[in-house]
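Open the model in your viewer and keep the selection tool handy. Could you walk me through it, one selection at a time?

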Amino acid sequence: MSNQAPHYTLLYFASLGEQLGTQSETLKCEEGPETVGELISLLTKRGESWEPLLAPTTKVAVNQTIANRETTISAGDEIAFFPPVTGG
Amino acid sequence: MIRVQTEDFHLQTEYEALQQSGHSGAIVTFIGSVRDFTGLGTTEDNATFRLDHYPGMTEKVLEKIELQAKARWDLIATTIIHRVGELKAGDQIVLVGASSRHRKNAFEACEFMMDILKTQAPFWKKEGHHWVDAKESDNEAANRWLID
C-alpha cells in the first residue's frame, strides 16, 4: 500500500448519480482531502456539472454514517453523496 | 428483525413471527404500498416504479431505528421489512410491526419507526422517469418525536 496513492471510494445515489453521470468511482490523489468539504471543493473543480454536490439538500455519509462538510476523512474511506431520502 | 429484499412479504407470516417472539398482548403492523402514480388506473410499460437504496448503510439505519424504538417503548419484538427494485402500483413496499404488552406502545413504536425510516433510511423512489421529491410533511412527522 505504501507505494500507492491514497484512494477514496466515492458513491453517488439516485437523482444525484444521474445528474453526475456516474454512480461510483475510486479517487486517487497524493494530497488527499482531509474533510468532506475539501473533497467537495476538489470534485467541483471538474466542472459545472459537479455543482449539485454543493446543493444544501445534498446529503453525505462517511463509511455509511451520516456526516457533514466538516467531517474528517482519510484514505480508504467510503464517501457517499445522495439527495433527500424518499423510502417507506 | 430487519430485512431489505426484492421479493414480496406476507403479513400473516410476519404477524406470526411477532406473536411467537413472546407473550405480548398487543401486536400492531403497518404496510405501505405503491400508489398509482400514473393516474390511469394501471402502470404503463414506460412508467415503472423503482426503489433504489444504499446497500450496507440501509441495514445499519434500520437496525438503529429498531434499537431506538426498543429503548423508547416497552417492546417485546419489532419487524422492519423494506423492498427494493422494480415494483408496480399496488405492490407492498414496507412492513413495520411491533409487539408489546400494551397497545399504546405498539402503536406509537410503529409510527415512530415509519416516521424515522422515511426521513433517515437511504431509499429513493423513482416513478417512471421522475425521482420522487422529499416531503416537508415527512420531516415534520419525524421531528415531532424529538419534541415529546
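Here is a tour of the two chains, stop by stop.

**Before you start**

Please keep in mind that this is a predicted model. Every distance and area below was computed from its atoms.

**Stop 1: chain B as a whole**

Select chain B and switch to a cartoon view. You should find four helices and eight strands. Trace them from the N terminus and the order reads β-α-β-β-α-β-β-β-α-β-β-α. The radius of gyration of chain B is 16 Å, while the globule rule gives 15 Å for 148 residues, so chain B is as compact as a globular protein of that length. If you like to picture a box along the principal axes, the C-alpha atoms of chain B fill one of roughly 50 × 35 × 30 Å. Colour by accessibility, and 45% of the 148 residues in chain B come out as buried.

**Stop 2: chain A as a whole**

Now select chain A. The cartoon shows two helices and five strands, running β-α-β-α-β-β-β from the N terminus. Chain A has a radius of gyration of 13 Å, which agrees with the value near 12 Å that a compact globule of 88 residues would have. Its C-alpha trace spans about 45 × 30 × 20 Å along the principal axes of chain A. Of the 88 residues in chain A, 45% are buried.

**Stop 3: a pair that joins the chains**

Keep both chains visible and show side chains. Side chains of opposite charge can pair when their charged atoms come close. Over all chains, the count of salt bridges comes to nine.

Which residue of chain B does A:E18 meet in a salt bridge? Select A:E18 and B:K126: their side chains meet with an N to O distance of 2.6 Å. A:E18 sits in helix α1 (residues 14-20) of chain A and B:K126 in strand β7 (residues 123-127) of chain B, so this pair joins two chains.

Are the two partners buried or exposed? A:E18 is partly exposed, at 41% relative accessible area. B:K126 has a relative accessibility of 11% and therefore counts as buried, the cut-off being under 20%.

**Stop 4: salt bridges within chain B**

Stay with charged side chains and hide chain A for a moment. Here are three places to click:

- Select B:R50 and B:D52, whose side chains form a salt bridge at 2.9 Å, N to O. B:R50 is partly exposed, with a relative accessible area of 29%.
- Select B:K88 and B:D91, which meet in a salt bridge at 3.4 Å, N to O. B:D91 counts as buried, at 16% relative accessibility.
- Select B:E111, B:D115 and B:R144 together, and you will see residues linked in a network of salt bridges.

**Stop 5: a negative patch on chain A**

Bring chain A back and turn on its surface. Which residues gather in a patch of negative charge? Select A:E30, A:E31, A:E34 and A:E38 to light up this patch on the surface. A:E38 belongs to helix α2 (residues 36-44) of chain A. With 40% relative accessibility, A:E38 counts as partly exposed.

**Stop 6: the loop after helix α2**

Select A:R46, which you will find in the loop between α2 and β3 (59-62) of chain A. A:R46 is partly exposed, with a relative accessible area of 39%. Add A:E25 to the selection and draw a distance between the two C-alpha atoms: they are separated by 14 Å, and the residues are 21 apart along the chain.

**Stop 7: positive phi angles between β3 and β4**

For the last stop, move along chain A to the loop between β3 and β4 (65-67), where A:N63 is found. A:Q64 lies in the loop between β3 and β4 as well. What is phi of A:N63? It is near 50 degrees, a positive value in a residue other than glycine. Phi of A:Q64 is near 70 degrees, again positive in a residue other than glycine.

Finish by checking how covered each one is. A:N63 is partly exposed, at 34% relative accessible area, while A:Q64, at 16% relative accessibility, counts as buried.

Notes. Residues are numbered from 1 along each chain as its sequence is written. Chains are lettered from A and ligands numbered from 1 in the order in which they are written. This is a predicted model: local features need pLDDT of at least 70, side-chain atom pairs count only at pLDDT 80 or more; totals for chains, interfaces and linings use all residues. Side-chain values use heavy atoms; hydrogens and water are left out. Patches are made of residues with over 30% relative accessible area and no salt bridge: like charges are joined within 9 Å, nonpolar side chains (Val, Leu, Ile, Met, Phe, Trp, Tyr) within 5 Å. Accessible areas come from the Shrake-Rupley method with a 1.4 Å probe; for residues, only the protein chains shown count as cover. A salt bridge is a side-chain nitrogen of Lys or Arg within 4 Å of a carboxyl oxygen of Asp or Glu. Lys and Arg count as positive and Asp and Glu as negative; His and the chain ends are not counted. The place of a charge is taken as NZ of Lys, CZ of Arg, CG of Asp or CD of Glu. Buried means under 20% relative accessible area, exposed over 50%, partly exposed in between (1.4 Å probe, protein chains only). The radius of gyration is taken over C-alpha atoms; the globule rule is 2.2 Å times the number of residues to the power 0.38.
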